[in-house]
Amino acid sequence: PTLFGIILINFMLIQFVPGGPIEQILSEIQGKDNVFDSIAGSMENTNAQSLLDEKSNNSFSEKYIGSRGLPEDFILELEKQFGFDKPAHQRFLHMIRDYATLDFGDSFFRGQSVIDLIKDKLPVSISLGLWTTLIVYLISIPLGITKAVRDGSRFDLWTSAGVIIGYAIPCLLYTSPSP
C-alpha cells in the first residue's frame with residue numbers, strides 16, 4: 001500500500017503540476033531556458049492587452065501557455081506521444097501495468113531503455129550497498145555491545161553524542177546554503 005501510494009502521488013504531481021513534459025518540450029522548442037518563465041507569466045517586453053489578444057487567438061494557449069504560435073496538430077501529436085490524449089485514470093492504469101511487467105520505457109534524456117540504464121548502474125549500486133552494510137555492522141554491533149556493558153559511563157555519553165551528531169550531519173549538509 002505504501003508503494004502504491006507513493007506511485008499515485010508521484011503520478012499526480014507529474015501529470016497535473018505546471019511544468020510537465022509537454023510544457024518542457026514546448027519551452028525547449030521556443031528557445032526558453034526555463035519552462036517556468038512562461039508558466040509564471042513572465043512579463044518581459046509585453047503588456048497585459050497583448051497577452052489577452054494572444055489568448056483569444058490561440059485555443060491551446062489556455063491549456064499550454066508555451067504553445068503560443070505553434071501548430072495545433074503538433075501539440076496534439078505531443079499529447080499523443082506522452083499519452084495525454086487519454087484520461088488520467090487510463091494513463092495511471094497503463095503505467096501500473098508497465099511497471100508490473102518491468103517495462104519502464106525509454107529515457108528521454110539518455111535516449112536508451114531505462115532497464116539498460118539500471119543494468120549499467122546496478123553493479124556500482126550493489127557494491128556501495130554491500131560495503132555500507134558491512135561497515136555499519138562492523139561499527140554498530142561492537143559499539144552497541146560496548147555501550148551496553150558501560151551504560152552511563154563517559155564512553156557511553158560521548159559515543160551517544162557522536163551518534164546523534166552523525167545522524168544530524170546529512171540534515172546539515174542538505175539544509176546549508178551553497179555558495
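The two exercises below concern a helix and a single residue in a predicted model.

**Exercise 1. Helix H6**

Task: Compare the span of helix H6 with the expected value, then work out which residues of H6 are buried, which are exposed, and where they lie around the axis.

Solution:

1. Helix H6 covers residues 88-100, which is 13 residues. From the first C-alpha to the last, H6 reaches 18 Å, close to the 18 Å expected at 1.5 Å a residue.
2. Arg 91, Phe 92, Met 95 and Asp 98 are the buried residues of H6. These residues lie on the same side of H6, because they cover an arc of only 125° around the axis.
3. The general background is that an α-helix has 3.6 residues a turn, so residues three or four places apart point the same way.
4. The exposed residues His 89, Leu 93 and Ala 100 are on the other side of H6.
5. The packing partner of the buried residues of H6 is helix H1 (2-16).
6. After H6 comes Leu 102, which has a positive phi, near 60°.

**Exercise 2. Thr 159**

Task: Place Thr 159 in a helix, decide whether Thr 159 is buried or exposed, and find what Thr 159 touches.

Solution:

1. Thr 159 belongs to helix H8, residues 154-175.
2. The relative accessibility of Thr 159 is 15%. Buried means under 20%, so Thr 159 counts as buried.
3. Leaving aside residues up to four places away in sequence, Thr 159 touches Leu 143 and Lys 147.
4. With Lys 147 there is also a polar contact: the side chains of Thr 159 and Lys 147 are joined at 3.0 Å.

Technical notes. Residues numbered from 1 in each chain as written. Predicted model: local features only at pLDDT ≥ 70, side-chain atom pairs only at ≥ 80, totals over all residues. Heavy atoms only, no water. Helix = DSSP H or I, 4+ residues; strand = E, 2+ residues; numbered from the N terminus. Buried < 20%, exposed > 50% of the residue type's maximum accessible area, 1.4 Å probe, protein only. Polar contact = N/O pair within 3.5 Å; in protein donor to acceptor, adjacent residues only side chain to side chain. Contact = heavy atoms within 4.5 Å. Expected span 1.5 Å × (residues − 1). Arc of directions from axis to C-beta.
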